[in-house]
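User: I'm new to this one and would like a walk through it. Could you take my questions one at a time?

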Amino acid sequence: MREYFVGVDIGTSSVKAAAFDKKGVLLGKKTASYPTLSPAAGLHEQDPEQVFTATIQCLKNLLSSTSGSVAAVSFSSAMHSLIALDGKGKAISPCILWSDNRSATIAEQLKKTAEGSDIYQHTGTPIHAMSPLCKIAWLRQFNTSIFQKSAHFIGIKEYIIFRLTNELLTDYSIASATGLFDAKKCDWYSPALDFAGITAEKLPTLVSPEHQLNFIKNEFAQYLKIPANTPFIIGASDGCLANLGAGASSPGEAVLTIGTSGALRMNTNTPANDVKQRIFNYLLVENQYVTGGASNNGGIVYEWFTQQFFGTKPNSKSMKPRQEALSLLPAGSDGLLFVPYILGERAPVWNAHAKGGFHGIAHHHTLAHFHKAVLEGILLNMSLIGEVLEEVVAPMQVIYANGGFVKMPVWVQMAADMFGKKICLSENEEASAFGAALLGMKAIGHLDDFSLAKKMAGLRKEFLPDLGHHEVYLQKRKEIKAVYKRLFDE
């Protein structure tokens, strides 16, 4: 009977479960979505039980539709979420997402101090409202009722693992994005815990991303129709696994991901700490780091634009001809610039109060110009992250792209022009889920290491840059920096 490996990717707006054979060939995938709530400006939350229900249903749908025997299930997850549990293991807070800015003031104050610099240098997590470090500190100061009732603080993947197994565990990779974890020592960092006002007992037990969980509960094994001893691997963060799933491991190789959010990342053997605290250093597995910058303003900005300007979603049939027509407009949108910071911003500006807007609007600009400017604006910010990576880590030679934006060839070509680099698309678009499956393969002994990841990922298509367009975008980079400086620099 054919064996296959499953990667479950718990994202911001949906969960994806994908099955791969032993050679990495995609056999099938399923998706389930869940809502994000914004009870007030700057707040972004989800119901953890809704996410769990969607995840287990998505996994069941995949298993029931895939022939063969599942060899292992491994998890990928979005980073920086926070859920408070009481002493009985019940969630007493919503799942506070990476995009939530309620702790912005705390983060801004900490970042200016020697204590904040020390925490960044040890944890590799930039001081920002995204981090559980600042979220817990906010609860301690402004929601004392929840803070005092909390027995544990966990993220969304940890919640799903807890519901499946009753084990409170977190992997090194997710932990390294909390602002509470010393990645070099693979242990919680005491000064960060002191700032948050907690002890290590309030946090999950730390394990390797390859850790195999104990038996899942019988009720879920029966629901999924699999043996209770089916290997479940705890997995890692979606960003790190997206790099693994893309097969980008050699020097000079970067990965550009634009889904709900956006990120640009490179693999390193040691942390590449930036004295200006502009980039992160997260663990994939021990002694393998993924260094880069993440943006709040990825596909979610494009979805906002299409909903407000066209009354539809980016992937609707009505949008395809509009998207294809953008290639007829010149690079730079005839002078129109879009600053994409409608959700504040993480890298490279790290300003939770940043705002977005159009600059340089003139009488000749059409709706199509605004359309293209939005896509360019999202990429301009990603290219600014690229400048930091090339300054601190290494020059980029080639970029592997994944995330929802790769479904729009005109946007991918725009990215190649923006960076002036060749952009490669892997055979498998679900890079984080594939990375999770690869981790599962290694955890149960099917792979000795990840050296075959690039070959297994395959290469579907290449986009070569138009260097004339690249020169235009280099000028646009200077323009967006100048506009931001006028508006937001203190």
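Analyst: Happy to, and one term first: a crossing of two helices is right-handed if the near helix is turned clockwise from the far one by less than a right angle, and left-handed if anticlockwise. Keep in mind, too, that this is a predicted model.

User: Let's use that term, then. What is the handedness of the crossing where α11 passes α13?

Analyst: Helix α11 covers residues 299–310 and helix α13 covers residues 367–392, and their axes come within 10 Å. Going by the turn of the near helix against the far one, the crossing of α11 past α13 is right-handed.

User: Are α11 and α13 roughly parallel or roughly antiparallel?

Analyst: Their axes cross at roughly 165°. Angles over 145 degrees count as roughly antiparallel. The two helices, α11 and α13, are therefore roughly antiparallel.

User: How many nonpolar residues are in the contact of α11 with α13?

Analyst: On the α11 side you'll find V301, Y302, F305, F309 and F310, while α13 brings L367, F370, H371, V374, L375 and I378. Sorted by class, this contact has no charged residues and one polar residue, and the nonpolar ones number ten.

User: Over to the strands. Which strands stand at the edges of the five-stranded open sheet, and why is one side of each left without a neighbour?

Analyst: The sheet is mixed in its pairing and has the order β3-β2-β1-β5-β13. From one strand to the next, the twist averages 20°. A strand with a single partner has no neighbour in the sheet on one side, so the edge strands here are β3 (26–33) and β13 (232–237).

User: In that sheet, what is the bridge partner of F5 in β2?

Analyst: Strands β1 (residues 3–10) and β2 (residues 14–20) run antiparallel, with six bridges joining them. Look along β2 for the partner of F5, and you land on F20.

User: Which helix lies across β1, β2, β5 and β13?

Analyst: Two helices are worth looking at here. Helix α10 (residues 238–246) lies across β1, β5 and β13, at about 95° to β13. The one that lies across β1, β2, β5 and β13 runs at about 130° to β1, and it spans residues 431–443: helix α15.

User: Now β15. How many of its seven residues are buried?

Analyst: Strand β15 takes in residues 262–268 and is joined to β14 (residues 253–258) by five bridges. Seven bridges join β15 to β17 (residues 288–295). Strand β15 is largely enclosed by the rest of the structure, because the number of its residues that are buried is six.

User: Which residue of β17 is the bridge partner of M266?

Analyst: β15 runs antiparallel to β14, and the hairpin between them goes through three residues. In that pair, V255 has R265 as its bridge partner. β15 also runs antiparallel to β17, where the partner of M266 is T291.

User: Is Q277 buried or exposed?

Analyst: You'll find Q277 in the loop between β15 and β16 (280–285). Its phi is positive, about 60°, although Q277 is not a glycine. Buried means under 20% relative accessible area. Q277 has 7% relative accessibility, so Q277 counts as buried.

User: And what is omega for the peptide bond from A347 to P348?

Analyst: P348 sits in the loop between β18 (337–339) and β19 (357–359). The bond from A347 to P348 is cis, with omega near -5°.

Key
Residues are numbered from 1 along each chain as its sequence is written. This is a predicted model: local features need pLDDT of at least 70, side-chain atom pairs count only at pLDDT 80 or more; totals for chains, interfaces and linings use all residues. Side-chain values use heavy atoms; hydrogens and water are left out. Two strands pair if DSSP finds at least two bridges between them. Helices (H or I, at least four residues) and strands (E, at least two) are DSSP runs, numbered from the N terminus. Axes are lines fitted to C-alpha atoms, for helices over the stretch in contact, and angles run from 0 to 180 degrees between N-to-C directions. Contact means heavy atoms within 4.5 Å. Buried means under 20% relative accessible area, exposed over 50%, partly exposed in between (1.4 Å probe, protein chains only). Angles under 35 degrees count as roughly parallel, over 145 as roughly antiparallel, 65 to 115 as roughly perpendicular and the rest as oblique. Ala, Val, Leu, Ile, Met, Phe, Trp, Tyr, Cys and Pro count as nonpolar, Asp, Glu, Lys and Arg as charged, and the others, Gly among them, as polar.
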